[in-house]
Amino acid sequence: MVNNHANPLVVEIAKKFITLMIDIEPQWKKAYLRFSYSNSVAETKASFVFETRIEIIDVLKHKHFFHSINMKGQELLAAFDKTKGIFLLVIDSNFDYEINFEYHDINRWKISKLAGGTGVPEGIV
């Protein structure tokens with residue numbers, strides 16, 4: 001359950017991600033944003049579905065966005081009094097979104113196309 005301080009942060013992150021997706025590919029269908037924070041290290045990765053393929057979003061090309069999400073992600077975890085954790089934000093082109101949190105398995109929902117990865121977060125169908 002999202003608390004009163006965290007709710008505006010979730011909405012802000014979702015809006016930023018939707019805006020990024022519209023800028024990157026106006027015909028996107030679904031997108032995934034994974035933020036993790038552990039041992040004072042923040043990492044954000046994202047991918048999106050376009051036509052029949054999945055693309056990983058270039059962190060260097062969109063470094064301002066990813067930096068801002070790293071900061072907001074830490075703030076969001078702090079709103080839950082957590083010092084480590086992950087969230088996975090899933091958005092679609094209808095601007096619907098869902099956010100899931102994990103505080104124990106820091107490797108959950110990894111996004112990759114390496115070693116057989118598809119670009120969809122692991123464990124998501």
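# A guided tour, starting at Tyr37

Begin by selecting Tyr37 together with Gly85, since in strand β4 the bridge partner of Tyr37 is Gly85. The model on your screen is a predicted one, and it is worth keeping this in mind at every stop. With that pair highlighted, widen the selection to β1 and to β4, which covers residues 85–92, and you will see two strands that run antiparallel and are joined by eight bridges.

**The strand β1 and its other partner**

Keep β1 selected and now add β2, so that residues 28–38 and residues 41–50 are shown together; these two strands also run antiparallel, and ten bridges join them. Two pairs help you to follow the ladder between them: Trp28 stands opposite Phe50 in β2, while Ser36 stands opposite Glu43 in β2. If you display the side chains here, remember that in a regular strand they alternate between the two faces of the sheet.

How many of the eleven residues of β1 are buried? Nine of them are, and β1 is therefore largely enclosed by the rest of the structure. To be called buried, a residue must have a relative accessible area under 20%.

**Two hairpins**

Next, select Asn39, which belongs to the hairpin of β1 and β2, where two residues lie between the strands; Asn39 takes a positive phi near 55 degrees. Then follow the chain along β2 to the hairpin of β2 and β3, which likewise has two residues between the strands, and select Glu51, whose phi is positive and near 55 degrees. Beyond this turn, β3 takes in residues 53–56, and it pairs with β2 in the antiparallel sense over four bridges. A pair to highlight in this part of the sheet is Ser47 with Ile56, the residue of β3 that stands opposite Ser47.

**Leu76 and its surroundings**

Now leave the strands and select helix α2, which covers residues 63–79 and in which Leu76 is found. Is Leu76 buried or exposed? Leu76 is buried, because its relative accessible area is 0%. To see what surrounds this side chain, leave aside the neighbours within four places in sequence and select the residues in contact with Leu76, namely Ala6, Leu9, Val10, Ile13, Phe87, Ile99 and Phe101. For a distance to check in the viewer, pick the C-alpha atoms of Leu76 and Ile91, which are 15 residues apart along the chain and separated by 18 Å.

**Salt bridges**

The structure holds six salt bridges, and three of them can be visited here by selecting pairs of side chains. Start with Lys72 and Glu12, whose side chains meet in a salt bridge at 3.5 Å, N to O. Lys72 lies in helix α2 and Glu12 in helix α1, residues 6–24, so this pair ties together parts that are 60 residues apart in sequence. Add Glu75 to the selection as well, and you have a network of salt bridges that links Glu12, Lys72 and Glu75. Glu12 counts as partly exposed, because its relative accessibility is 28%.

Move on to Glu55 and Arg53, where the side chains meet in a salt bridge at 2.9 Å, N to O. Glu55 counts as partly exposed at 28% relative accessibility, and Arg53, with a relative accessible area of 38%, is partly exposed too.

The last pair to select is Arg108 and Glu102, whose side chains form a salt bridge at 2.7 Å, N to O. Which of these two residues is buried? Glu102 is buried, with a relative accessible area of 12%, whereas Arg108 is partly exposed, with a relative accessible area of 35%.

**Stepping back**

Finally, clear the selection and show the whole protein as a cartoon, in which there are two helices and five strands. If you follow these elements from the N terminus on, their order is α-β-β-β-α-β-β. The C-alpha trace spans about 40 × 30 × 25 Å along its principal axes. A compact globule of 125 residues would have a radius of gyration near 14 Å, and the protein agrees with this because its own value is 14 Å.

Two ways of colouring the model may be useful at this point. Colouring by burial brings out the buried residues, which make up 42% of the 125 residues, while a surface view shows the area that the protein exposes, about 7400 Å², of which carbon and sulfur atoms supply 51%. Among the contacts with a separation of 6 or more, 54% are between residues 24 or more positions apart.

Notes
Residues are numbered from 1 along each chain as its sequence is written. This is a predicted model: local features need pLDDT of at least 70, side-chain atom pairs count only at pLDDT 80 or more; totals for chains, interfaces and linings use all residues. Side-chain values use heavy atoms; hydrogens and water are left out. Buried means under 20% relative accessible area, exposed over 50%, partly exposed in between (1.4 Å probe, protein chains only). Contact means heavy atoms within 4.5 Å. Two strands pair if DSSP finds at least two bridges between them. A salt bridge is a side-chain nitrogen of Lys or Arg within 4 Å of a carboxyl oxygen of Asp or Glu. The radius of gyration is taken over C-alpha atoms; the globule rule is 2.2 Å times the number of residues to the power 0.38. Accessible areas come from the Shrake-Rupley method with a 1.4 Å probe; for residues, only the protein chains shown count as cover.
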